[in-house]
Amino acid sequence: MSSHDSYLELTWTDEDTGIKGYVVIDTLSRGVAGGGLRMRSGVTVDEVRDLAQAMTLKEAVVYTHGDRYIPLGGAKAGIDCDPYDPRAREVLGRFGRAMRPLIQTLFATGEDFGVRQDVIDEVFADEGIRSSAESALALVDDGADAAHDRLKQAFAVSVDGVGLGELVGGYGVAETALAALEFRGLVPSESTAVVQGFGSMGGATARYLTRAGVRVVGVSDREGLICNPSGLDVEALLASRDVFGVIDRSRLPRGDELRPGEDWIGADADVLVPAAMSYVITGDNVDLIKAGVICEAANVATLPEAEAKLLERGVTIVPDFVANVGTNAWWWWIAFADIDPTAEASFAKISSVLRPLTSELLERARREGISPREAATSISEEKRTDVARSYPTSVKSAAVAR
């Protein structure tokens with residue numbers, strides 16, 4: 001990522017456990033920044049900084065002139081704690097208590113890797129925080145109360161047994177992957193995919209790729225890789241996963257094969273979707289990749305050295321801040337009343353924005369001889385410049401050189 005200075009970087013130490021937490025605010029727009037809160041063992045301030053810089057790009061890249069939602073600045077938070085740790089919920093609560101002044105004034109946050117939104121809502125409510133996005137909701141034209149009501153309605157929607165809020169991110173990933181397949185002249189019904197990570201993002205990606213006709217031949221979770229060259233029963237896998245996206249192996253049908261988790265990287269598929277950890281495609285494993293499309297559902301999934309090698313081989317990469325923008329954008333489209341709090345309106349908006357955006361950045365990359373990431377960064381920067389003309393409190397450029 002770029003080397004520009006962050007607006008704010010903060011390290012927190014939990015006095016009860018010694019566990020560290022970090023907040024990085026990369027940029028502000030209208031005095032507020034937005035970005036998720038992740039919880040995993042080993043998270044560092046450097047990782048959170050990378051993610052915050054990507055959030056600056058993500059906030060702006062989907063902006064459409066005429067929308068009520070004006071992009072926020074970029075930020076991120078991380079807690080160095082395994083979400084399976086029995087102390088995790090209490091640690092999250094103490095982190096929220098310490099960050100309350102930021103959350104209520106300039107840092108809007110939400111779910112990310114290892115933390116579900118419903119858990120954040122419950123834990124933060126106990127700390128007197130009405131919403132993890134309180135600072136952004138204060139900007140809504142008809143007021144924070146109306147925004148809360150719309151979000152409450154949207155999160156109450158269930159689609160085929162899964163909450164809408166758990167689906168929109170993966171639906172967006174699937175839409176960008178389908179646009180990338182089209183760019184390469186491939187037909188969904190004749191294409192295959194492997195998804196690494198089976199939480200809300202990876203699970204929904206697998207669901208909507210399958211519904212578009214793509215054969216999902218592999219999914220992985222923290223226990224390993226499940227694969228079937230004839231195609232997996234994604235709906236059955238979704239029904240058998242726990243809240244952390246781990247699939248119950250005892251419920252797998254005959255024909256599904258169990259393999260080591262690291263085998264996902266070299267799986268034989270047209271599309272590879274890293275949908276869990278950051279920094280998973282590296283110089284050490286990039287030569288194993290057979291896929292022609294990489295769709296980065298996970299933040300900062302590919303290291304620069306690996307990305308350069310993939311581009312040399314002609315692999316199409318949909319960068320993270322485009323592929324996984326669906327959840328973030330959906331939150332704000334609902335809150336700012338750009339769409340109704342329904343599944344139909346949500347999916348229609350995501351598709352109408354992300355399909356053309358993906359096609360635009362891939363075409364620009366080919367036309368200008370640059371990487372898709374560089375093309376997407378240019379699009380985001382152009383939109384941030386337009387926003388800054390009307391909202392001069394938007395501060396500093398987020399130019400990214402990777």
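This is a short tour of a predicted model, stop by stop, with something to select at each one.

**Stop 1: a hairpin at the start of the chain**

Select residues 8–13 and 20–25, which are strands E1 and E2. The two strands run antiparallel and are paired over six bridges. To check the register, pick Thr11 and look across to Tyr22, its bridge partner in E2. Six residues lie between the strands of this hairpin. While you are in the turn, click on Gly18, where phi is positive at about 80°.

**Stop 2: Phe95 and its surroundings**

Now move to helix H2, residues 88–103, and show the side chain of Phe95. Is this residue buried or exposed? With a relative accessible area of 2%, Phe95 is buried. Setting aside neighbours within four places in sequence, select what Phe95 touches: Trp12, Gly21, Tyr22, Val23, Leu37, Ala77 and Ile79. Tyr22 should look familiar, as the partner of Thr11 in the hairpin. If you like a distance check, draw a line from the C-alpha atom of Phe95 to that of Asp126: it should read 12 Å, for two residues 31 apart along the chain.

**Stop 3: a loop residue with positive phi**

Go back to the loop between E2 and strand E3 (33–34) and select Arg30. Arg30 is not a glycine, yet its phi is positive, at about 55°.

**Stop 4: the seven-stranded sheet**

Switch to a cartoon view and follow the open sheet in the order E12-E11-E10-E9-E13-E14-E15. The pairing among these seven strands is mixed. Colour E12 (257–259) and E15 (316–318) to mark the edges, since each of these strands pairs on one side only. From one strand to the next, the twist averages 15°. For a detail inside the sheet, select E13 (residues 271–274) and E14 (residues 293–295), which run parallel and are joined by two bridges. Leu272 stands opposite Ile294 here.

**Stop 5: the aromatic rings**

How many aromatic pairs does the model contain? The count comes to eleven. For one of them, display Phe155 and Trp330, whose rings sit edge-to-face, 5.2 Å centre to centre with 75° between the planes. These partners come from distant parts of the chain: Phe155 belongs to helix H5 (residues 144–155) and Trp330 to helix H11 (residues 326–335), 175 residues apart. Turn on a surface and compare the two. Phe155 is partly exposed at 32% relative accessible area, whereas Trp330 is buried at 0%. Then add Tyr69, Trp331, Trp332 and Phe336 to the selection, and you have the cluster that ring pairs link together with Phe155 and Trp330.

**Stop 6: on to the loop after H11**

Step into the loop between H11 and H12 and pick Ala337. This is another residue other than glycine with a positive phi, near 65°. Ala337 counts as partly exposed because its relative accessibility is 25%, between the limits of 20% and 50%.

**Stop 7: two helices side by side**

Finish with H6 (residues 164–183) and H12 (residues 343–368), whose axes lie 8 Å apart at an angle of about 35°. The crossing of H6 past H12 is right-handed. On the H6 side, show contact residues including Leu164, Val168, Tyr171 and Phe183; on the H12 side, try Phe347, Ile350, Leu354 and Leu362, among others. Colouring the contact by residue class gives twelve nonpolar, six polar and five charged residues. Glu175 in H6 and Arg355 in H12 are among the residues of this contact.

Terms used. Residues numbered from 1 in each chain as written. Predicted model: local features only at pLDDT ≥ 70, side-chain atom pairs only at ≥ 80, totals over all residues. Heavy atoms only, no water. Axes fitted to C-alpha atoms, helices over the stretch in contact; angles between N-to-C directions. Helix = DSSP H or I, 4+ residues; strand = E, 2+ residues; numbered from the N terminus. Left-handed = near helix turned anticlockwise from the far one by under 90°. Contact = heavy atoms within 4.5 Å. Nonpolar A, V, L, I, M, F, W, Y, C, P; charged D, E, K, R; others polar. Pairing = 2+ DSSP bridges. Phe/Tyr/Trp six-rings, centres within 6.5 Å; stacked < 30°, edge-to-face > 60°. Buried < 20%, exposed > 50% of the residue type's maximum accessible area, 1.4 Å probe, protein only.
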